[in-house]
Amino acid sequence: MTTAQLTVSFLGVGEMGSALARAVLEAGHRTVVWNRSFGKASALRAEGAIPVSTVAAALDADVIVVCLFDRDSVHAVLDPVVDQLAGRRLVNVTTTSPDGARELGRWAAAAGAAYLDGGIMATPAMIGTRKSSVLYSGSSELFAEYRDLIELWGDAEYFGDDAGMASLYDLALLSAMYVMFAGFFHGAAMVGAAGVPAKDFAARAAAWLPALMPSLAAYAEVIDGGDYRVPGQQSLYFSDISDIVDASRDQGISTEVVDVVQRLIHRQIDAGHGNDGFARVIEGIRKARVA
């Protein structure tokens with residue numbers, strides 16, 4: 001683990017890339033920045049960054065941080081200089097799929113570069129605060145040697161040498177976030193149809209949802225144990241959400257969000273598992289349905 005001053009290059013300094021670069025600048029490291037739109041890179045000059053106009057000029061660094069749009073953009077930027085990557089250390093925090101991260105890891109290895117994939121669990125404004133965390137997988141040596149550097153952005157957690165694991169965790173956590181927000185939007189639409197402002201509903205939801213968080217660990221224990229008839233669980237028969245679906249329809253709003261949950265419940269009931277607990281719906285998620 002190094003604590004010396006480093007030269008760190010950033011390929012891509014949009015909102016997130018700029019936030020990452022600023023954290024490194026503030027720690028006193030020499031910071032080189034490149035962006036396809038040169039104006040974004042030059043905007044960091046006043047803060048002490050060194051803007052460069054070509055990717056090749058950014059490669060002479062201890063660590064190269066890649067923060068682009070997607071996997072294709074990573075290839076578009078780095079493929080033309082792939083013959084210059086041998087011995088380089090790449091930290092890729094571009095959002096990709098798990099398989100995309102694995103492909104980039106193999107590609108980097110073939111070029112002779114060390115590769116660490118990162119999933120950022122933060123907004124740009126959260127970078128460098130205690131609310132920020134970044135999930136990593138790939139090169140354990142790169143993670144260990146430059147942990148002090150990457151922890152400038154937030155809590156760093158390592159998930160092993162499979163380059164796709166950080167992305168898998170990242171996207172799984174984001175799936176929970178998006179479904180939760182969609183549920184909130186649905187509830188806001190229900191009461192909104194009766195004239196209740198969304199901010200009033202938000203205040204109640206913010207008080208209600210945290211009280212449910214301990215249930216996650218309980219559900220996880222049931223899922224890992226595989227016994228959906230553990231005493232104390234609410235059965236699927238009692239988990240039926242027809243009242244929510246009907247009330248939504250009566251309010252004149254779409255039932256798309258709650259229809260998904262209702263289908264998952266009834267799929268298990270129809271398969272003869274109505275007396276099992278609600279966690280049983282994961283079995284319907286685990287098994288992809290073929291149209």
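This report covers the pockets, the cavity, the nonpolar cores and a few individual residues of a predicted model.

## The largest pocket

The largest pocket has a volume of about 2200 Å³. Its lining counts 42 residues. Closest to the centre are Val-179, Met-180, Leu-216, Val-261 and Phe-278.

Five elements give two or more residues each to this lining: helix 7, helix 8 (198-208), helix 9 (214-225), helix 12 (256-270) and helix 13 (282-286). Helix 7 supplies the largest share, with 14 residues. By class, the lining of the largest pocket splits into 33 nonpolar, seven polar and two charged residues.

## The second largest pocket

The second largest pocket holds about 510 Å³ of space. It is lined by 24 residues, and those closest to its centre are Met-16, Cys-67, Leu-68, Val-93 and Thr-95. Helix 1, helix 3 (71-78) and helix 7 are the elements that give two or more residues to this lining.

The largest share here is three residues, from helix 1. The class split of the second largest pocket is twelve nonpolar, nine polar and three charged.

## The cavity

How many cavities of 30 Å³ or more does the structure hold? There is one. Its volume is about 40 Å³.

The lining of this cavity consists of Thr-94, Thr-95, Thr-96, Asp-117, Gly-118, Gly-119, Ser-167, Asp-170 and Leu-171. Strand 6 (114-121) and helix 7 (165-192) are the elements that give two or more residues to it. One lining residue is nonpolar, six are polar and two are charged. Thr-95 lines the cavity and is also among the residues closest to the centre of the second largest pocket. Helix 7 contributes to the linings of the cavity, the largest pocket and the second largest pocket.

## Nonpolar cores

The largest nonpolar core has 33 residues. Phe-10, Leu-20, Ile-127, Tyr-136 and Trp-153 touch the most other members. At least two residues each come from strand 1 (7-11), helix 1 (15-26), strand 4 (63-66), strand 6, strand 7, helix 5 (140-145) and helix 6 (147-150). Helix 1 gives the largest share, seven residues.

Another core lies apart from this one. It has 23 residues, including Leu-59, Ala-61, Leu-104 and Ala-108.

## Helix 3

Helix 3 has five buried residues to note: Ser-73, Val-74, His-75, Val-77 and Leu-78. The buried residues of this helix pack against strand 1, strand 2 (30-34), strand 4, strand 5 (89-92) and helix 4 (98-111). In an α-helix, residues three or four places apart point the same way, because there are 3.6 residues a turn.

The N-terminal end of helix 3 is capped by Asp-70. One of its side-chain oxygens lies 3.3 Å from the backbone nitrogen of Asp-72.

## Ser-132

Ser-132 sits in the loop between strand 6 and strand 7 (133-138). Is Ser-132 buried or exposed? Its relative accessibility is 1%, so Ser-132 counts as buried. A polar atom of its side chain lies 2.7 Å from the backbone oxygen of Trp-153.

Beyond neighbours within four places in sequence, Ser-132 is in contact with Met-121, Ala-122, Met-126, Ile-127, Trp-153, Gly-154 and Asp-155. Two of these partners, Ile-127 and Trp-153, are among the residues that touch the most other members of the largest nonpolar core. Ala-288 is 156 residues from Ser-132 in sequence, and the two C-alpha atoms are 33 Å apart.

## Asn-35 and Ser-248

Asn-35 lies in the loop between strand 2 and helix 2 (38-42). Asn-35 counts as buried because its relative accessibility is 11%, under the 20% cut-off. A polar atom of the Asn-35 side chain lies 2.8 Å from the backbone nitrogen of Val-13. Setting aside neighbours within four places in sequence, Asn-35 is in contact with Gly-12, Val-13, Gly-14, Lys-40 and Ala-41.

Ser-248 belongs to helix 11 (residues 242-250). Its relative accessibility is 0%, so Ser-248 counts as buried. Outside its neighbours within four places in sequence, Ser-248 is in contact with His-186, Met-190, Ile-253, Thr-255 and Val-258.

Conventions. Residues are numbered from 1 along each chain as its sequence is written. This is a predicted model: local features need pLDDT of at least 70, side-chain atom pairs count only at pLDDT 80 or more; totals for chains, interfaces and linings use all residues. Side-chain values use heavy atoms; hydrogens and water are left out. On a 1 Å grid over the protein atoms alone, a cavity is a set of points where a 1.4 Å probe fits but cannot get out, and a pocket is an open set with protein on both sides within 12 Å along at least five of seven lines; lining residues have an atom within 4 Å of a point. Grid points are joined across faces, edges and corners, and a volume is the space filled by probe spheres set on the points. Helices (H or I, at least four residues) and strands (E, at least two) are DSSP runs, numbered from the N terminus. Ala, Val, Leu, Ile, Met, Phe, Trp, Tyr, Cys and Pro count as nonpolar, Asp, Glu, Lys and Arg as charged, and the others, Gly among them, as polar. Buried means under 20% relative accessible area, exposed over 50%, partly exposed in between (1.4 Å probe, protein chains only). Contact means heavy atoms within 4.5 Å. A polar contact is a pair of N or O atoms within 3.5 Å; within protein, one must be able to donate a hydrogen and the other to accept it, and residues adjacent in sequence count only if both atoms are side-chain atoms. A nonpolar core is a set of buried Ala, Val, Leu, Ile, Met, Phe, Trp, Tyr and Cys residues joined through side-chain atoms within 4.5 Å.
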